Amino acid sequence: DLYTLNEDGILAAEAEVTARGQSLDEFEIGFRRMRSGGLIVDTDHDSIRQAKVALEELNKHLKSDNDIGGLTPEDRAVALSEVTELQDTISKPKIRTHYLWDKANRILLWIVEKGAGSVVAELAKRALSHIHSFVNVFFN
């Protein structure tokens, strides 16, 4: 629901903040700092279910497929380990949005770049897209 603050509401909010011993600027800085850490949310969401499927497929292809682009054998082992960690992360019932995005973005973009033009790069893109859709729900 959207709410519109009228002048009385704004004055009441200002009074509440100052009653806490904060200036409006201090309150805003604290709010932005809290918001920058992300929100703790349930992972029971369609985008997470789709990301799980894409990550499972990516995991399978990393284990057995030769279509891995420029990933070296060492890269493949690291990618497999990190994708497994990401799968564990999104299997938890709750997650912090910024933690998930930071982890998924770093892991999956690396696979996309190293595996450019390969099936694993496409699967990494798909998984990242689903995770982005999930996180984006909370910040639009």
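Tutor: Let's start with a term: buried means under 20% relative accessible area, exposed means over 50%, and partly exposed is in between (1.4 Å probe, protein chains only). This is a predicted model, where local features need pLDDT of at least 70 and side-chain atom pairs count only at pLDDT 80 or more, while totals for chains, interfaces and linings use all residues. Residues are numbered from 1 along each chain as its sequence is written, and side-chain values use heavy atoms, with hydrogens and water left out.

Student: Okay, what share of the protein's residues count as buried?

Tutor: The protein has 140 residues. Going by that cut-off, the buried share is 32%.

Student: And what pattern do the helices and strands follow along the sequence?

Tutor: Helices (H or I, at least four residues) and strands (E, at least two) are DSSP runs, numbered from the N terminus. The protein has six helices and two strands. Read along the sequence, they give α-α-β-α-α-β-α-α.

Student: Which helix gives the most to the largest nonpolar core?

Tutor: A nonpolar core is a set of buried Ala, Val, Leu, Ile, Met, Phe, Trp, Tyr and Cys residues joined through side-chain atoms within 4.5 Å. The largest one here has 28 residues, and L55, L86, L100 and I131 are among those with the most contacts inside it. Helices α3 (46-64), α4, α5 and α6 each supply at least two of its residues. The top contributor, with eight residues, is α6.

Student: Let's zoom in on L100. Which residues does L100 contact, leaving aside neighbours within four places in sequence?

Tutor: Contact means heavy atoms within 4.5 Å. L100 is one of the residues with the most contacts inside the core. With those sequence neighbours set aside, its partners are I48, L86, T89, I90, I95, I131, F134 and V135.

Student: Now charges. How many residues apart in sequence are the parts tied together by D75 and K114?

Tutor: A salt bridge is a side-chain nitrogen of Lys or Arg within 4 Å of a carboxyl oxygen of Asp or Glu. The D75 and K114 side chains form one, at 3.1 Å from N to O. D75 sits in helix α4 (residues 73-90) and K114 in helix α5, so the pair links parts of the chain whose separation in sequence is 39 residues.

Student: Is D75 buried or exposed?

Tutor: Its partner K114 is partly exposed, at 32% relative accessible area. D75 has a relative accessible area of 11%. Because that is under the 20% cut-off, D75 counts as buried.

Student: What about D102 and R106: about how many helical turns separate them?

Tutor: Their side chains meet in a salt bridge at 3.2 Å, N to O. D102 is partly exposed at 41%, whereas R106 is exposed at 53%. The two are four residues apart in helix α5, so the separation is about one helical turn.

Student: And which residue does E122 form a salt bridge with?

Tutor: E122 is partly exposed, at 43%. Its partner also lies in helix α6, three residues apart. The closest N and O atoms are 3.0 Å apart, and that partner is K125.

Student: Last one: which backbone oxygen does the S118 side chain reach?

Tutor: S118 is in the loop between α5 (97-114) and α6 (119-137), and is buried at 3%. Not counting residues up to four places away in sequence, S118 touches D67, I68 and G69. At 2.5 Å, its side chain reaches the backbone oxygen of G115.

How values were computed. A polar contact is a pair of N or O atoms within 3.5 Å; within protein, one must be able to donate a hydrogen and the other to accept it, and residues adjacent in sequence count only if both atoms are side-chain atoms.
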